[in-house]
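Student: Hi, could you walk me through this model? I'd like to start with how the chains meet and then look inside one of them.

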There are 2 protein chains.
Amino acid sequence: MHVAENSFDPSRVVAELRALDARTGGPDGSRRLCWTPEWLEARTLLRESLATLPVEVDEDEAGNLWAVLRGTSIDTLVVGSHLDSVPKGGWLDGALGVMAGLELLRSLADEGTPPVTVALVDWADEEGARFGRSLFGSAATVGTLDLEVLRELSDKEGNKLVDVVGEHGITLENLDAARTRLADVKAYVEVHIEQGPILESIGKGICTVTGTKGIERERLIFRGQAAHAGTMPMPMRRDSFRAASRFALEIAEIARRHDGVTTVGYAQCWPGVVTAVPGETRITMDMRHIEAEALAAMFADAHDAAEAAAAAEGCTIEWEHIFRIPPMPFHPALLDAARESVAEVEGHDIELPSGALHDASEMARAVPTVMIFSSSIDGLSHTKEENTPDEHLEMAADAFNRTSRRTIGLIAAGSL
Amino acid sequence: MHVAENSFDPSRVVAELRALDARTGGPDGSRRLCWTPEWLEARTLLRESLATLPVEVDEDEAGNLWAVLRGTSIDTLVVGSHLDSVPKGGWLDGALGVMAGLELLRSLADEGTPPVTVALVDWADEEGARFGRSLFGSAATVGTLDLEVLRELSDKEGNKLVDVVGEHGITLENLDAARTRLADVKAYVEVHIEQGPILESIGKGICTVTGTKGIERERLIFRGQAAHAGTMPMPMRRDSFRAASRFALEIAEIARRHDGVTTVGYAQCWPGVVTAVPGETRITMDMRHIEAEALAAMFADAHDAAEAAAAAEGCTIEWEHIFRIPPMPFHPALLDAARESVAEVEGHDIELPSGALHDASEMARAVPTVMIFSSSIDGLSHTKEENTPDEHLEMAADAFNRTSRRTIGLIAAGSL
């Protein structure tokens with residue numbers, strides 16, 4: 001398939017993104033939290049655009065939306081990303097990949113029947129912002145969800161995941177049926193914003209992504225003894241928030257020691273009033289590294305740090321597993337396709353591992369996968385300030401298109 | 001007035017407490033949250049007992065219930081505490097002082113007309129558990145309530161304090177009229193459980209209370225920059241939770257340095273998800289000391305600590321004032337009366353400052369005041385597990401009676 005000349009228009013991708021933002025954004029940022037009316041509104045906009053194309057649109061058993069452009073061969077390239085956002089999120093996170101995929105379908109359809117089938121997917125609940133389980137839809141499709149864990153998940157208001165997805169016609173028992181979607185899939189390509197400051201700091205707009213970092217995500221429950229803030233002498237306290245604070249500082253040192261990243265993003269005290277020593281404090285921990293051995297070492301250090309923090313304050317520590325994914329290196333042939341495309345578009349060979357998790361992390365378990373990054377202004381994401389220069393968005397869409405067409409060529413040649 | 005021989009029966013105080021618990025307690029603890037039917041039920045029980053005595057019973061403009069036993073002189077000793085409890089609270093917190101005061105009135109009335117007038121008061125909303133403003137009734141009577149602040153207060157369900165107290169016939173504009181109750185008051189005596197572990201830890205049942213500790217209560221808002229937990233390199237982060245953690249550990253050191261107590265009882269991160277560096281973290285700080293200079297030094301140190309914690313993580317810090325009360329040392333002559341009484345009852349000279357706030361803290365602003373403590377099992381309070389050995393309750397009631405009668409003698413002699 002010829003890469004250089006086609007009807008793919010990067011500026012249309014940016015226009016679609018702005019149209020989406022106009023309908024589902026606002027002064028506080030994007031409101032596309034999965035399983036909410038605003039998320040459904042985003043999908044309505046996508047369906048309106050898809051309705052103008054010769055594609056088959058439906059949703060699978062995990063709530064993923066598929067738009068399939070039939071090709072000469074049943075062998076399939078999947079492209080996509082996710083329309084859902086965190087609360088008060090950014091306008092580009094996920095949406096860039098969906099809108100670039102939409103433009104790919106539009107351009108391919110313009111050009112006649114493609115040699116292989118191309119499917120755009122809008123993955124459900126990539127963010128996991130409500131129930132703490134990200135990559136819901138892509139993991140279901142790859143078959144890596146743990147139903148026992150899902151059954152126990154609740155949001156802050158106590159709503160159970162099983163009930164909320166049930167309102168969208170999804171039952172946990174049927175999730176596995178989404179795996180049939182991968183029967184003829186030969187490759188997966190995704191374009192996404194970096195969501196970090198590295199490309200900007202080196203003055204580049206796009207790059208090849210070599211893989212996604214492995215993640216360990218846990219909930220830690222420090223338990224001491226609730227007591228009156230005025231009457232319990234300091235030496236007799238068993239203060240769970242002090243234990244959690246010790247851990248939060250030490251876990252940052254662990255990240256620096258191993259050249260990874262660690263985050264405590266959530267904390268809640270019980271009873272949680274100004275006049276009481278917290279008897280229980282729950283925090284979350286997220287740690288990431290591109291090398292499996294280093295990630296394992298960080299995880300072991302974190303356990304030691306939690307034990308030490310709890311012991312220092314007379315508390316106990318309990319761990320609740322939330323999520324784990326190993327480092328996911330991308331496919332060598334697709335990495336070459338991406339490198340050639342980035343070189344054509346911006347004239348360099350920059351490549352980075354992704355610190356963020358993406359649906360590509362799940363897809364890489366099952367099929368040859370690669371990603372393209374655009375830069376992010378100030379490295380910000382998951383916030384209303386998230387932004388990228390239009391020029392970089394268009395370069396990323398361009399490189400994504402070139403990589404996708406190179407991948408179509410590889411599939412058609414039987415090389416994947 | 002002769003202290004040693006009178007009809008005051010400490011065992012009746014314990015019996016009245018058990019009767020109150022039978023009517024307003026339960027498997028989850030006491031249900032006497034102020035401005036609720038259960039609180040009114042507790043007052044009904046108190047009124048039933050008062051109806052058998054030659055006292056005048058009415059409520060003032062702040063919802064405090066008064067029972068006045070007229071004496072030869074209009075000069076007045078006030079005794080009392082509060083029947084209201086926190087949700088799922090203990091059976092003794094506040095109730096001990098009210099029932100001991102009831103027994104004092106009963107015994108004095110048995111003995112004829114006392115030389116001075118003695119009034120029992122059941123203060124309204126000591127706990128402030130619903131609207132966050134403790135000492136409502138006593139502060140109104142002393143004249144230290146801030147009406148502008150009260151007008152803004154709401155409970156968790158959004159009910160405004162002004163509406164809820166309005167249902168009990170209380171208007172903010174009339175609160176000040178409660179101050180007339182103090183016109184002839186010469187002294188205030190209160191008995192309360194310690195709500196801490198110190199007496200138990202030294203094997204004692206009761207002690208003299210030297211005063212109540214001053215309190216500084218603030219909300220601290222650390223602001224950094226929300227960012228993706230996977231993509232923002234550690235050195236570029238501005239993590240508000242790490243700043244709050246530094247502060248929480250340092251504030252404990254400040255308490256130890258100054259021999260006070262400090263507590264971070266509440267923490268909330270924004271956006272508060274496992275996958276985001278917290279851009280904003282709110283915590284509360286409560287600090288207490290019996291000496292004003294030491295409290296001021298702790299408060300200054302806390303400001304330095306917050307600035308340093310914020311600066312170390314590239315964050316800013318904002319303070320929101322919640323509540324402040326200076327240390328309230330009790331009256332020298334009444335402290336002597338309490339010391340003599342404690343020595344008679346348990347044979348020692350133990351005295352402690354109160355780490356908890358009491359209605360006595362407000363009354364001490366206006367009139368000579370003193371308190372007696374009983375021990376608390378395991379130091380627990382504000383929970384259904386709150387308890388005290390019967391023997392210690394009876395000793396505390398006994399010492400309260402002796403202190404009150406000594407105070408009556410001081411008032412009658414014109415010494416106060």
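Tutor: Happy to; we'll take the contact between the chains, then the symmetry, then the domains. Keep in mind that this is a predicted model.

Student: Sure. How many residues does each chain put into the contact?

Tutor: Chain B gives 57 residues and chain A gives 61 residues.

Student: And what area is buried between chain B and chain A?

Tutor: About 4,700 Å², with carbon and sulfur atoms giving 66% of that. On the chain B side, His228(B), Met234(B) and Val274(B) supply 14% of the area buried against chain A, more than any other three residues.

Student: How many salt bridges are there across that interface?

Tutor: The rule finds zero salt bridges between chain B and chain A. It does find six residue pairs in polar contact across the interface, both residues at pLDDT 80 or more.

Student: Which element gives the largest share of the chain B side?

Tutor: That's H8(B), with nine residues. Other elements of chain B supply at least two residues each, including strand E9 (261-263) and strand E12 (280-289). By class, the side of chain B that touches chain A has 30 nonpolar, 17 polar and ten charged residues.

Student: Switching topic: what turn lays chain B on chain A?

Tutor: A turn of 179° with a shift of 1.8 Å along the axis, giving an RMSD of 1.7 Å. That is the relation of a two-fold axis.

Student: Which C-alpha of chain B is nearest the axis?

Tutor: The one of Ser245(B), 2.3 Å from the axis. The same surface serves both copies, too: 95% of the contact residues of chain B recur in chain A.

Student: Nice. Now, how is chain A divided into domains?

Tutor: Domain 1 covers 10-213 + 327-412, and domain 2 covers 214-325. Their C-alpha centres lie 33 Å apart. The contact between them takes 17 residues from domain 1 and 13 residues from domain 2.

Student: What do the two domains of chain A bury between them?

Tutor: About 1,200 Å², 66% of it on carbon and sulfur atoms. Lys213(A), Pro327(A) and Leu357(A) supply 47% of the area that domain 1 buries against domain 2, more than any other three residues.

Student: How many salt bridges and polar contacts are between those domains?

Tutor: Zero salt bridges, and two residue pairs in polar contact, both residues at pLDDT 80 or more. On the domain 1 side, strand E6 (206-212) and helix H11 (359-366) of chain A are the elements giving two or more residues, and H11(A) has the largest share with three residues.

Methods: Residues numbered from 1 in each chain as written. Chains lettered and ligands numbered in written order. Predicted model: local features only at pLDDT ≥ 70, side-chain atom pairs only at ≥ 80, totals over all residues. Heavy atoms only, no water. Contact = heavy atoms within 4.5 Å. Buried area = accessible area lost by both parts, 1.4 Å probe. Salt bridge = Lys/Arg side-chain N within 4 Å of Asp/Glu carboxyl O. Polar contact = N/O pair within 3.5 Å; in protein donor to acceptor, adjacent residues only side chain to side chain. Helix = DSSP H or I, 4+ residues; strand = E, 2+ residues; numbered from the N terminus. Nonpolar A, V, L, I, M, F, W, Y, C, P; charged D, E, K, R; others polar. Least-squares fit on C-alpha atoms with pLDDT ≥ 70 in both. Domains from an automatic or database assignment.
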